[in-house]
Amino acid sequence: MKTIDFMGQRKLATAVSVLLLLVAIGSLTVRQLNWGLDFTGGTLVEVHYSDTADLNAIRGTLNSGGYEGAIVVSFGSDKDVLIRLPQGYSDKEGAALLSALQDAYPGDVELRRIEFVGPQVGDELREQGGLAMLLALGLVMLYIAFRFQFKFAVGAVVALVHDVLITLGFFSVMGLEFDLTVLAALLAVIGYSLNDTIVVSDRIRENFRKLRRAEPVEVINISLTETLGRTLVTSLTTLLVLVALALFGGEIIRGFAIALIAGVAIGTYSSIYVAANTLLIMGVSKEDLMIPVKEGAEQEDLSL
Amino acid sequence: MLNKYPLWKYLLLVFVLFLGGFYAAANLYAPDPALQVTGENSAQLIDASTLQRALTALEDKGIAHFDETIDENGRNALIRLRDVDQQLVAQATVSRALGDGYIVALNLAPTTPSWLSDYGAQPMKLGLDLSGGVHFKLEVDVDAAVERRMEFYLNDTKRVLREERVRGLVSQDSNGRLEARFNSEELREQARALMAQNSPELVLDRVDEADSWNIVATLSEQKIKEIADYSVSQNLTTLRNRVNELGVSEPLVQRQGQRRIVVELPGIQDTAEAKRILGKVANLEFRLVARSDAPAADKQRFEYRSPDRAGMTEWLERELIITGERVSSAQSNFDQNGQPVVNIGLDSEGGVMMSRVTSRNVKRRMGVLFIERKYRTRYEVQEDGTEAIVKIPYDEKKLLTAPVINEALGANFQISGLDSPLEAKELALMLRAGALAAPVTFVEERTVGPSLGAENIRLGVKSVQIGLALVALFMVLYYRVFGIVAVVALSLNLMLLISVMSLLGATLTLPGIAGIVLTVGMAVDANVLIFSRIREELRNGLSPQMAIHAGYGRAVATILDANITTLIVAVILYAVGTGPVKGFAVTLSVGILTSMFTAIMCTRAMINLIYGGRRVKTLSIGGNSAVTGEG
């Protein structure tokens, strides 16, 4: 098989990554995230109308009912309506709103769900989410440093931060709602992207020990080429189920699926370019990986 | 011989898969829609004639039912229905036929056959987002509980100083700290010794001002934590009791973190009512037993609550001494003679009121009333001919006990003369259940309608099926026979995942289903890793048997590393996350573990059975490598 010169394009890849990161960070500072109810607090009511719902009429009803700042959107179909009230309404408002809607509509208004989140909870969640993210990164770095080597740990964590930031940036640029399930998806992205990165790192380590005379760039190119098929196939299978989830899983789970799709796509790219690139920048060499005790075992393996 | 498993390995695999299949099987039996009938209190038993009344009413309405049972204590009756759409009508019919005094709740009765349930196989529980219901998160106002306790110390310190004739000024500052001011250092030291002896929990600091020697008293961190803990766990008990009033079939009341309590009520739609009952501050009243010559306008008659004293009544004064809000603790114990007693602690205000009334009424009796909210149901025919159910709430007040007041009571007193330690325990429980130890606020509330729940299940199952089908199709096209093996392993993985979740008693939620879908995608990763390694080894010129052996051998270490790191993330998700995130984390971690078993061991066993132990020229693994290899 012909070795693909992945690292020949590393300057371009670095530029692309930096650009994406800048856009992501820029958008996160300027536009910020479209925080979901879990984080902002407030009230959310989802109702199902027996016939096509007239959003303007509903807005009118809510305005005259004194619900200022209510956001009314259709949810999935033209019969399903989502109403979001900002922070400040009491926890009893959801039920009152529902009866106001029913009074103004001749058909049936069926309650799908009401969610009320108080102001205390949101801040805490943000804190917890951030903490979970940092903790996950820290522990993963520790594990890789222990199993591989410190430079690999840095490479993996750089790739993870890259993936998480760009996925967050994607949500910010697209104005997609960021709720609790998206946070879970983001943490799953960490796990998933790591999976890819480790497979690649594993091969790089193996080849550094096997191909003693090759230059680091060459070793990495060979390793990436060897694992390319696998990297693409695993991402593809995962993307297949995620697309199924996004298309058929219903509205509530869609944000989760989209976050993972974005994360897996970026994670695939980063396991090829970001992690390996970071290794080169830090000047990885075979001396980093030569463990005299392990060598004998390696030789034995090869003779199989 | 290469690529042959010893017999014991096959047996082990078959055994594990059999167990998995066995415990997953319980999920194949869809539960029956059912009605659960319980008495409103524990004394209200359900006998055959009660059940017959309910069944007759159902038959009159033409609602099909079957397999009606009453449990051995006579507390619960279960009526299974044929049609889920009739469940609500059936509920209304039965509660009307039985009248007040019975709670008729919607339920899903498991249909697990006894050959499964005898060995502990149960279907997975469904989360609220799948079954419909209400989820509340309450925050316990721990600061209020601490403040209440400081008030107690304030009054207590004042009392001690007064009794010992130590002149000083004791007050509480805005931060809740106690400040005691004295005119001389001597007085202060005297007071300090008294306070240290009387309330050892207080941390006493000396603060000197121009003409004043002060003590600033605060509670130690340890003590504050204790109070917080006590008030949260106390509230938990109270809330459990109150949830039972709501008549929900499988409620969940659980502590979450330092000061939060989660309450989940499946099947409930009326959140306003649920919140009113949960948030109620107190439901106890302490009143004097009326003198026999008291005018009728000043007294009221109450029945005893305990079934042992059914029919017995007492006349109590209309005037209250205190309500349950003032009760801060109640514990059953033994006095010095070994007789069962209940020790009651009141807050400072309660103590003052109690001593004011009891000091003038020694040798009279004091009744303790327990208040429960109940409903009378009326059926009204409306203008349009439909029938409306009107529930009229009323408070039922029954007497818990009416002991004699032996001396003037303060903030701490004792009820003795109880028949048994069991009675003491029950009384203490009722007294504690009467009040929340600290006020609660609702910080989160989620209601999911039953139709949305059903739709979530349908969509979830559909996306698992489609995802699985897509992956299966791809794998078979790309890896041929090896692909088929991987797909079989994937199905086994789903089965194992479901069985482990059922065994753990985990709750299936929508994010949990998402976790399952993701596991499907990730579980094949391991196989892709192995198979692509085998292809590579074939290209490197290894024989098919060698390639299989080397492919598995080399890929396993990588798979382990990759999965352990993902597992780390899943565990963190579980530890830090709440609600939906936790559900996702559970399925993800269980899925990772079962997938390692199926994707490595099971596929290897199948490949060994297909190719192992014989001369093989080619491997059906897709790609160019299928025709290479020398055999």
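Two residues are taken to be in contact if their C-beta atoms, placed from the backbone, lie within 7 Å. By that criterion, in this predicted model, 59 residues of chain B are in contact with 56 residues of chain A. On the chain B side, at least two residues each come from α9, β21, α12, α13, α14 and α15, and α14(B) gives the most, with 15 residues. Sorted by class, the residues with which chain B touches chain A comprise 35 nonpolar, 15 polar and nine charged.

One part of the meeting between the chains is a pairing of helices, in which the axes of α8 of chain A (residues 216-248) and α13 of chain B (residues 510-539) come within 9 Å and cross at roughly 160°. Because angles over 145 degrees count as roughly antiparallel, α8(A) and α13(B) are described as roughly antiparallel to each other, and their crossing is right-handed. Among the residues that make this contact are V233(A), V241(A) and L245(A) of α8(A), together with V517(B), V524(B) and L529(B) of α13(B); by class, the contact has 11 nonpolar, six polar and four charged residues.

Strands also link the two chains, since β5 of chain A (residues 109-117) is joined to β21(B) by five bridges, with the two strands running antiparallel. Within this pairing, E115(A) has R446(B) as its bridge partner.

Chain A also has a hairpin of its own, where β3 (residues 71-75) and β4 (residues 77-85) run antiparallel and are joined by five bridges. In this hairpin V72(A) of β3(A) stands opposite I83(A) of β4(A), while G76(A), with one residue between the strands, takes a positive phi near 90°.

Methods:
Residues are numbered from 1 along each chain as its sequence is written. Chains are lettered from A and ligands numbered from 1 in the order in which they are written. This is a predicted model: local features need pLDDT of at least 70, side-chain atom pairs count only at pLDDT 80 or more; totals for chains, interfaces and linings use all residues. Two strands pair if DSSP finds at least two bridges between them. Helices (H or I, at least four residues) and strands (E, at least two) are DSSP runs, numbered from the N terminus. Axes are lines fitted to C-alpha atoms, for helices over the stretch in contact, and angles run from 0 to 180 degrees between N-to-C directions. Angles under 35 degrees count as roughly parallel, over 145 as roughly antiparallel, 65 to 115 as roughly perpendicular and the rest as oblique. A crossing is left-handed if the near helix is turned anticlockwise from the far one by less than a right angle, and right-handed if clockwise. Ala, Val, Leu, Ile, Met, Phe, Trp, Tyr, Cys and Pro count as nonpolar, Asp, Glu, Lys and Arg as charged, and the others, Gly among them, as polar.
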